[in-house]
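Trainee: I am new to this structure and should be grateful for a close look at one part of it. Please start from a single loop and let the account grow from there.

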Amino acid sequence: MSEYILKNARVIDPNRNIDSIGDIGVAGKVIEEPAKLKNPKIVDLKGKVVSPGFIDLHVHLRQPGNTQAETIATGTAAAAAGGFTSIVAMPNTTPAADNAGAIEFLRQNAAAQGVVHVLPCGNMTKEGKGEEMAGIGSLKSAGVVALSDDGKCIQDHALMRHVVEYAKSFGLPILDHCEDNHLAAGGVMHEGKWSVLLGMRGISGAAEELMIARNIILARQIDWQIHMQHVSVKESVKLLRAARAEGIKVTGEATPHHISLTDECIKRYDTNYKMNPPLRSESDRLAVIEGIADGTLTAIATDHAPHTRTAKEVEFDSAPCGIVGLETAVPVSYTILVKAGIITLPHLIRLFTTGPADILRFERYDLAVGSTADITVIDPDACYKVDKNTFRTKSRNTPFHGMDVQCRPVLTMVAGKIVHQEL
Amino acid sequence: MTLRKKQIYSAAEMDRAIGDMAAAIAAAFPISNGGCALVGIHQFGVPLAERLHDGIVKLTGSEPEFGKLDISMYRDDIGNRNPLPLIRETEIDFDINDRTIVLVDDVLSSGRTIRAALDALTDYGRPKAIRLAVLVDRGEPEYPIRADFVGFKVQLPADRKVAVSFDDDNRSGGIDEVDWTK
Amino acid sequence: MQWTKKDLLCLYDLSAEEIEFILDTAAEFKKVSQRRVKKVPALRGKTVVNLFVEPSTRTRVSFELAEQRLSADIVNMQAQSSSLLKGETLLDTVRNIEALQVDLIVMRHSAPGAQAFIARNLKCGVVNAGDGAHSHPTQALLDIFTIREKKGRVAGLNVAVIGDIIHSRVARSNIWGLLKLGAKVTVAGPATLVPREFEEIGVRVCHNLKDAVADADVVNLLRIQRERQTAGFFPSIGEYARFFGINNDTLKYMKPDALIMHPGPINRGVELTGDVADGEQSVILEQVTNGLAIRMAVLYLVAGCVKK
């Protein structure tokens, strides 16, 4: 059995209100008191920060169906390199994860090939088509932690209401990709000044806002938890803020790209800036940052969406949406939020740990003795340039290549095993 | 690169040569025989042609037709060299069919400019004859082109250029040997 | 100055100087089409491929004729007959074309940015003949050339562009070119087709025809497509013609020497009446003549920058 002592680090453990220099002991798969270890390996982490393992609520592993872009093995390796110990796998694979068999495949493959915890997410509706409810009870038994039709959004409000009611009875949170298809109107970028100047079809911010309002109403009516994925529009943040003030069980996440990039980036027609929801205007970007700062949005999630070079190397209109994000999330978020002085490092840590843990309804998530040893170690002072050629993910579709960033994930431990190390 | 210029003919010598050329052309193509038309090739063939034109007017009292030609569209090296400069104005608003045309350029070196000018000119019509007047003939053209009216014969190594200058009022500025060294 | 670009993609990328350079070059090429021998050997031995993924008749013919008058060798490819239908990506298609040692590709495509995308991946030159609703640089250049020829200048003129602005690459390219050269631009049309966002770049936005054209030195009318009506942007062609079409009465409250322009093909009775199209202020046919000169100039200049 492996034993470690992580020494001299700044330990930030939000749920236990700890932020001080200290040591963390690991024995086998769990946290243990350092004094009780018999033959531990000492890892000196002076100057580094240790916290509970980071959780990414929004990852596309592409297996089964598009293994040229990513596999469970490469996707989890990328997660580990990015400092994540757990990732929630979106169900829009081919075939879709809308049944127990698909979930079982995911769990088995992840157990054999994955290096971080893969938390399955099941579809709300069959094949994510938004027509018929999926077997939610069976999905729960098979081990899903949440439900989502990500990529798509249920347009029929009556059906969504039934899904939320049913999911509540199984204790499953809903993660919704909020998009009204009519208002989105087949657009390829944010509808605003830049879509008008570039002559491109725009996706109105109202498409997101409308479904967020729908979800707030249902969450209030049914008193169940609905989480809004990749919030990108300033009006959406406003709606969430007001709803949360009323005590409605709604939460929201933001992606690193929505807090760092805007629609003006698209003027070069580089498909590495095409995703859904699209990059929005500068005022939207700033509103999302404000939403993070004031606690309206409680999680950062990547929406890691690998695509092969062939798929992305086409005209902007035809390109698939999405960028990889696991290995840039921490440095980009730190640079934009902490380095710029907008939030503190402990707040950032909450966005990657307790924020997502609460959304997934974990009972506890901390570094207390007896907890699973899922630990993330970052070096907040490391400055470097993002180099996509060093990525563990199979794909290279990132807009951040060459960006100057600060804060490097230097050690990732999953259930007591070191899965990434760059000390 | 430093540019070294050495004057080889003064403005006064240039004026004398231009005067002599005008006289020779006027004598070669008397009005009684139909005279001639002058076509200057951009860039410095044009002010030279204007000077010759004025010279002929002074000597004979009659005005030869005058045209300007830019041969950029007829070059054979598009895409092989540096970016293209702005095309200057081509203006041949008289009928060249059956006329004697005297093409005018400042320096005859490789002869390729004249070859292009011949192609351009013949797209405007079918002259009776084409003659060539140059202020400086370097004597070793790459194509079988000869000048009929010459101001100066100059022999220089291939890495030297000859620069003829006129000011904005077409007054002679002198002829320089130009040496581009690294 | 000298021309240094191997592609012509969008007037947004050009300086005022570069635009004037093209116009001055075109002035000389216009003379070529007016003389006995309408050809020059400038592009002799060069190969140009016209790749019209989005179909066109007028623009393609204009480019073809320009290429012929420059003595280039031409190959025409259209989407219906091309490998794109068989699933080949656009990039593979153009790479295959480049492998045939082609010097220039003149392309029209329905996706904005398609030409910019291939130009970054090719060594041969790319001339944009239209990319979706984004850009149609040669059309704007010929429009601006016509204005300059007729009015002697562009700076300070009031130019009104009327019609389906939001879907129009002609409108966008004209806006960029005219603003760069110092003209004052107004766009006008139904509120559903003329977005206010253009105000952010200094263009006046108007939904009333009289306001838009009363002080205009130039009025450029864009073609109304019937598909917009079926998509719900405005109720009927008749209503468009009534509120935004130019007829003899409109001319009465415009400047008497205002130019009437249209990129063609015109819908008589919709954007303008037959009388106006055939009237003294109309320069529509001259636009076509100037288009040939502009395209010859553009092909000549970009060919000069394509390195072997």
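Mentor: P64(A) is found in the loop between β6 (54–59) and α1 (72–81) of chain A; helices (H or I, at least four residues) and strands (E, at least two) are DSSP runs, numbered from the N terminus. A cis peptide bond, with omega about 0°, joins Q63(A) to P64(A). This is a predicted model, in which local features need pLDDT of at least 70 and side-chain atom pairs count only at pLDDT 80 or more, while totals for chains, interfaces and linings use all residues. Residues are numbered from 1 along each chain as its sequence is written, and chains are lettered from A and ligands numbered from 1 in the order in which they are written.

Chain C offers another cis peptide bond, between G264(C) and P265(C), with omega about -5°. P265(C) belongs to the loop between β9 and α11 (274–278) of chain C. As background, most residues other than glycine have a negative phi, and most peptide bonds are trans.

The phi angles deserve attention next. H230(A), a residue other than glycine, has a positive phi near 30°. H230(A) sits in the loop between β13 (226–228) and α8 (234–245) of chain A. Because 25 C-beta neighbours lie inside 10 Å, H230(A) counts as buried; a residue is buried if 20 or more other C-beta atoms lie within 10 Å of its own, exposed if 12 or fewer, and partly exposed in between, with C-beta atoms placed from the backbone. In chain C, S71(C) has a positive phi near 65° and lies in the loop between α2 and β2. S71(C) has 15 other C-beta atoms within 10 Å, so this residue is partly exposed.

D223(A), whose phi is positive, near 55°, follows α7(A). Helix α7 covers residues 206–222 of chain A; at 1.5 Å a residue its 17 residues should span 24 Å, and its end C-alpha atoms are indeed 24 Å apart. The expected span is 1.5 Å times one less than the number of residues. Buried residues of α7(A) include A207(A), L210(A), M211(A), R214(A) and L218(A).

From S71(C) the path leads into a sheet. β1(C), helix α2 (residues 58–69) of chain C and β2(C) form a right-handed β-α-β unit; a crossover is right-handed if, with the strands pointing away from the viewer, the path from the first strand over the helix to the second runs clockwise. Strands β1 (residues 47–52) and β2 (residues 73–78) of chain C run parallel and are joined by 6 bridges; two strands pair if DSSP finds at least two bridges between them. Within this pair, N50(C) stands opposite N76(C). The open sheet to which they belong has 4 strands in the order β2-β1-β3-β4 (chain C), with parallel pairing. Its edges are β2 and β4 (125–131) of chain C; each has a single partner strand, so one side of each lacks a neighbour in the sheet. Neighbouring strands are turned by 15° against each other on average, direction ignored; axes are lines fitted to C-alpha atoms, for helices over the stretch in contact, and angles run from 0 to 180 degrees between N-to-C directions. Strand β3 (residues 104–109) of chain C runs parallel to β4(C), with 5 bridges between them, and L104(C) has G125(C) as its bridge partner. Helix α12 (residues 284–303) of chain C packs on this sheet, touching β1, β3 and β4 of chain C, and its direction makes about 145° with that of β4(C).

β9(C), which precedes the loop of P265(C), belongs to an open sheet of 5 strands in the order β7-β6-β5-β8-β9 (chain C), with parallel pairing. β7 (204–206) and β9 (259–261) of chain C are its edge strands, each pairing on one side only. The twist averages 20° from one strand to the next. Strand β6 (residues 184–188) of chain C pairs with β7(C) in the parallel sense over 3 bridges, and A188(C) has C206(C) as its bridge partner. Helix α5 (residues 137–151) of chain C lies across β8 (218–221) and β9 of chain C, at about 165° to β9(C).

Finally, the chains meet. Chain A has 14 residues in contact with 21 residues of chain C; two residues are in contact if their C-beta atoms, placed from the backbone, lie within 7 Å. On chain A that side comprises 7 nonpolar, 3 polar and 4 charged residues; Ala, Val, Leu, Ile, Met, Phe, Trp, Tyr, Cys and Pro count as nonpolar, Asp, Glu, Lys and Arg as charged, and the others, Gly among them, as polar. Chain B places 16 residues in contact with 20 residues of chain C, and its side divides into 9 nonpolar, 3 polar and 4 charged.
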